[in-house]
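Visitor: I have a structure open on my screen and would like to learn how to read it. Could you walk me through a few of its features?

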Amino acid sequence: MPNFAILDSATVPESNHGQPVPLLENADWITVQDHHLPAGFRPAYEFRRVVKLQRDVRRATLTVTAHGIYEAFINGRRVGDQELTPGFTSYRRTLQVQQYEVAYLLRPGVNEIRFTVSDGWYRGRTGPDRVPDGFGTEVAVIASLSILTAAGVELSITTGAGWDVAAGTIVRADLMDGQQTDLRRTGREEWRPAVISTDPLTLDRSRLTRSPAPPVRRTSAHAPVRIVRLASGRQIVDFGQNLNGWVRLSRLGPTGTAVTLTHGEALDTEGDLTLTHLDVTTPSGFLGVGQVDHVVSRGVEGDVFEPRHTTHGFRYVAVDGLAEDLTTDDLTAFLVRTDLTPIGSFISGDERINALHRIAVASWQANSCDIPTDCPQRERWGYTGDFQIFARSAAYLDDIRGFALKWLTSLADDQSPDGKVTNVAPNCGVVPNPFISTSFDGSAGWGDAATIVPWDLYRAYGERDLIERFYPMMTAWVDYAATAAATGRHPRREAAEPTPADHEEYLWDTGWHWGEWLEPGASFNPTADHTIVATAYLAHSAGIVAEVAATLGEAEDATGYAQLAARVREAWRTEFLLTDGTLARPTQANYVRALAFGLIPRDLREASAAQLVALIEENHDRLSTGFLSTGMLLPVLADHGYPEVAYRLLFQTEEPSWLAMLKRGATTVWEDWSGIGPDGTASGSLNHYSKGAFVTFLHEYVAGIRPVTPGYATFEVHPHIWPDMGSAEGRLRTEHGEIVAGWSITNDRVNVSVTVPEGTSASVYLPDDTTAKVGPGRHTWIQGVPNPTPLPRVRIQQSKDAAIAGDSPYGPWGRIDPLVDTLGDLLEDAEARATIDEIIPELPLSPQLELARSVPIGTVLAMSANMLPAELIDRLGRSLAAL
């Protein structure tokens with residue numbers, strides 16, 4: 001018999017409808033002792049309480065969270081449509097709580113409240129190493145059901161004494177390995193009293209919070225496009241799209257039928273499912289990739305199997321054990337991801353480019369399941385580098401504010417006291433690798449997600465409180481990297497020259513670095529010297545923090561970090577840049593990064609860009625960039641006068657290229673350029689979204705939509721019109737309204753159309769090299785088709801006032817780049833020096849600004865707002881911008 005309680009106002013404490021934490025004050029964490037079961041072989045547990053209500057219910061709120069993944073049921077009906085709750089966070093610091101209105105599920109008389117709890121991310125096997133028990137060794141749940149009866153009486157049901165627990169129909173559940181369900185166990189639970197948890201972590205209620213992100217849901221359903229039965233009896237189901245989620249199966253066979261569903265991305269030459277390209281071998285041995293679900297039928301019509309306590313990355317499912325032939329009505333694949341609101345789109349006159357955009361979107365959708373993952377099958381980790389690369393692109397597709405805020409909170413939660421940033425967030429641990437003696441944490445380009453992602457979000461949404469919230473994390477990361485540079489030397493550099501040169505204080509050449517990961521034709525060496533990459537990122541992140549500090553009014557920090565960025569930049573130049581603009585390590589990736597990050601002096605940028613183009617042409621118009629720089633490649637070419645080269649790369653069909661993926665059947669972006677080889681053999685993950693960062697080029701450079709001030713209060717439309725594409729249009733919904741920018745070519749004439757939302761203004765760069773300043777409304781121009789022309793650098797103008805008002809005080813910048821060109825550069829530029837001397841002759845002589853000669857002029861202007869009259873700063877800014 002179940003534990004039973006009759007509830008009325010005399011037997012329970014009053015509840016307080018409202019915030020989740022107070023509603024759980026009187027609840028206890030309940031758990032089950034199962035330490036004898038190994039990870040990967042643990043069931044999902046059913047926790048339940050049966051209560052009797054004396055009155056009709058007017059309102060009822062269920063507040064719940066868990067250590068593990070939970071589902072809630074009342075009277076056998078599932079509560080809500082959220083999946084994988086409470087979500088994945090750094091549980092030691094942050095645990096999300098959900099609330100549901102459930103009055104419609106309750107009734108007078110007997111009611112059963114039940115929670116199904118599995119290991120999930122809390123203690124399941126996570127990451128490629130399948131590390132178990134990353135946050136604890138016991139699943140647990142805490143909940144409160146707050147009821148207001150029709151008579152106005154408040155009741156409360158909380159977890160604690162009187163709850164039962166049993167293993168249910170889910171006999172094994174693991175996010176990586178899969179789910180095993182025996183439907184014959186339905187209604188045959190062996191109930192026993194649940195245990196009040198003594199885990200010290202359950203005592204910390206300060207962790208409990210609402211999620212800033214939308215919940216995870218089943219966001220789309222996919223029917224099979226093809227089902228084939230092989231000679232072995234196995235049935236291969238093709239859903240036509242690589243995705244993340246699970247399959248619902250409604251044909252289960254007679255009682256005792258054991259059906260196995262194996263999920264994968266590719267077929268072998270015989271048409272069977274292959275997993276060899278995803279299999280994982282660790283120092284402890286072979287693991288395989290998992291992704292296998294099992295169900296045993298009880299032979300009841302209407303039963304379905306839907307494994308909601310696991311996820312898989314797949315296009316194909318191999319079904320074994322079912323004698324009956326499957327039909328397309330028997331299976332449905334669900335895309336499971338954070339339910340983000342789409343805000344942007346892109347379409348062109350070339351269907352190949354449209355298809356590229358679609359597979360990038362599909363990859364992003366498959367890798368945005370509660371956290372930004374690298375891939376949805378082999379690892380499913382929140383790799384910092386992947387989101388650092390793609391966050392800017394993602395902001396053109398979906399409203400990612402809450403999603404990114406949630407992830408950044410985990411990144412900050414897991415940051416080490418010395419400022420080091422973890423390789424993945426949330427950090428659930430790794431198995432020590434005897435071949436690599438150092439931690440994977442703290443890598444340049446990966447750890448820099450701590451600065452780049454908040455900055456990209458500020459650029460997209462203009463929300464000052466976001467960069468203010470994460471400012472401590474940003475500064476701590478840059479301080480960590482700067483300290484690492486100043487206090488150590490790479491062993492090879494030390495062996496070559498025992499006495500360091502002065503500039504080496506600012507070369508970051510120690511610690512673990514992934515470097516330019518997956519660079520075509522290059523093998524990875526964990527002991528290699530990645531100084532050219534790491535130092536570049538240190539300069540870039542220090543510059544970002546200087547800009548953030550100026551925006552937040554932290555003038556001293558702005559000066560300090562700008563000086564650090566300048567010194568690191570100068571050290572990088574001393575070590576790697578030759579006097580003719582060539583690099584000591586001349587790769588496409590190194591040139592791209594140097595040009596993107598402003599490491600090349602203004603007088604050498606043309607020569608360096610030409611060297612990049614030469615490398616591309618020597619490679620037969622094919623790229624050879626790796627993980628970190630591929631997303632920056634096309635924008636850098638356009639910014640430095642070679643948009644036609646960017647287009648040649650975009651339209652390249654030979655490997656390595658994006659269109660080569662399409663030629664070989666990709667429905668998502670691959671990890672390797674040769675994800676499916678010419679012979680049909682698969683390699684690596686076929687769903688890695690980072691290479692899809694070309695999305696930024698399509699939206700910012702083809703459609704041409706770019707913010708001038710954070711949040712698009714003012715913006716530019718500067719498309720590079722490519723006649724062979726025929727047309728292009730980008731749309732972006734902002735807080736101010738929808739921006740629409742498009743162009744089309746008809747009879748040797750180009751039609752440019754721009755829609756500007758109310759309360760905003762835009763600068764539209766037209767094919768005839770003129771610029772139109774326009775306000776709200778729809779605007780069109782018809783002009784002659786241009787020859788390819790260079791695009792300007794994307795600029796975000798900053799000042800103390802602009803950060804508050806959301807508008808630029810200076811207008812678009814001309815030849816001066818406020819993020820790169822320093823006060824010292826301008827004092828040596830005759831025209832700029834004359835402008836400064838005319839407007840503020842005392843500026844170069846200011847004692848406070850003497851140390852700012854190496855600071856970018858945009859930061860100097862922001863700093864000067866605290867020292868000089870605003871009208872003079874405004875006049876100077878506008879005059880310099882107009883040069």
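Guide: Gladly. Contact here means heavy atoms within 4.5 Å. Please keep in mind that this is a predicted model.

Visitor: Let me try that on a helix pair. Which residues of helix 13 meet helix 14?

Guide: On the helix 13 side they are L633, L634, L637 and A638, and they meet P643, V645, A646, L649 and L650 of helix 14. By residue class, this contact divides into nine nonpolar, no polar and no charged.

Visitor: And how do I describe the geometry of such a pair?

Guide: Two packed helices are described by the angle between their axes and by the distance between those axes. Here the axes of helix 13 and helix 14 (residues 643–650) come within 7 Å and cross at roughly 155 degrees. Angles over 145 degrees count as roughly antiparallel, so helix 13 is roughly antiparallel to helix 14.

Visitor: Next, helix 11. Why is helix 11 described as largely enclosed by the rest of the structure?

Guide: Burial is the thing to look at, and buried means under 20% relative accessible area. Eight of the nine residues of helix 11 (residues 588–596) are buried, so the rest of the structure largely encloses this helix. The buried ones are Q588, A589, N590, Y591, V592, R593, A594 and L595.

Visitor: Which helices do the buried residues of helix 11 pack against?

Guide: They pack against helix 9 (531–551), helix 10 (555–576), helix 12 (605–618) and helix 13 (630–639). After helix 11 comes G598, which has a positive phi, near 70 degrees.

Visitor: How should I read strands?

Guide: Strands of a sheet pair through backbone hydrogen bonds, either parallel or antiparallel. Take strand 9 (residues 109–118), which is mostly covered, with nine of its ten residues buried. Strand 3 (residues 45–53) runs antiparallel to strand 9 and is joined to it by nine bridges; in one of these pairings, F47 has F115 as its bridge partner. Strand 5 (residues 69–74) is also antiparallel to strand 9, with six bridges, and E71 stands opposite T116.

Visitor: I noticed E189 in a loop. Is E189 buried or exposed?

Guide: Compare its accessibility with the 20% cut-off. E189 has 17% relative accessibility and therefore counts as buried. This residue sits in the loop between strand 14 (178–182) and strand 15 (192–193). Its side chain makes a polar contact of 3.2 Å with the side chain of R114. Neighbours within four places in sequence aside, E189 is in contact with R114, A166, A167 and G168.

Visitor: What is the strand order in the open sheet of five strands?

Guide: The order is 29-34-35-36-39, with antiparallel pairing. Strand 29 (344–348) and strand 39 (777–784) are the edge strands, each pairing on one side only. From one strand to the next the twist averages 5 degrees. Within this sheet, strand 34 (residues 727–734) and strand 35 (residues 737–746) run antiparallel and share eight bridges, and E729 has G742 as its bridge partner. Helix 16 (residues 694–702) packs on the sheet, touching strand 29, strand 34 and strand 35, and its direction makes about 80 degrees with that of strand 29.

Visitor: Which strands stand at the edges of the sheet with order 32-33-37-38?

Guide: That open sheet has four strands and mixed pairing. Strand 32 (705–707) and strand 38 (771–774) are at its edges, each with a single partner strand, so one side of each has no neighbour in the sheet. Neighbouring strands are turned by 20 degrees against each other on average, direction ignored. Strand 37 (residues 761–765) pairs with strand 38 in the antiparallel sense over four bridges, and the bridge partner of S763 is K773.

Terms used
Residues are numbered from 1 along each chain as its sequence is written. Side-chain values use heavy atoms; hydrogens and water are left out. Buried means under 20% relative accessible area, exposed over 50%, partly exposed in between (1.4 Å probe, protein chains only). Helices (H or I, at least four residues) and strands (E, at least two) are DSSP runs, numbered from the N terminus. Two strands pair if DSSP finds at least two bridges between them. Axes are lines fitted to C-alpha atoms, for helices over the stretch in contact, and angles run from 0 to 180 degrees between N-to-C directions. Angles under 35 degrees count as roughly parallel, over 145 as roughly antiparallel, 65 to 115 as roughly perpendicular and the rest as oblique. Ala, Val, Leu, Ile, Met, Phe, Trp, Tyr, Cys and Pro count as nonpolar, Asp, Glu, Lys and Arg as charged, and the others, Gly among them, as polar. A polar contact is a pair of N or O atoms within 3.5 Å; within protein, one must be able to donate a hydrogen and the other to accept it, and residues adjacent in sequence count only if both atoms are side-chain atoms.
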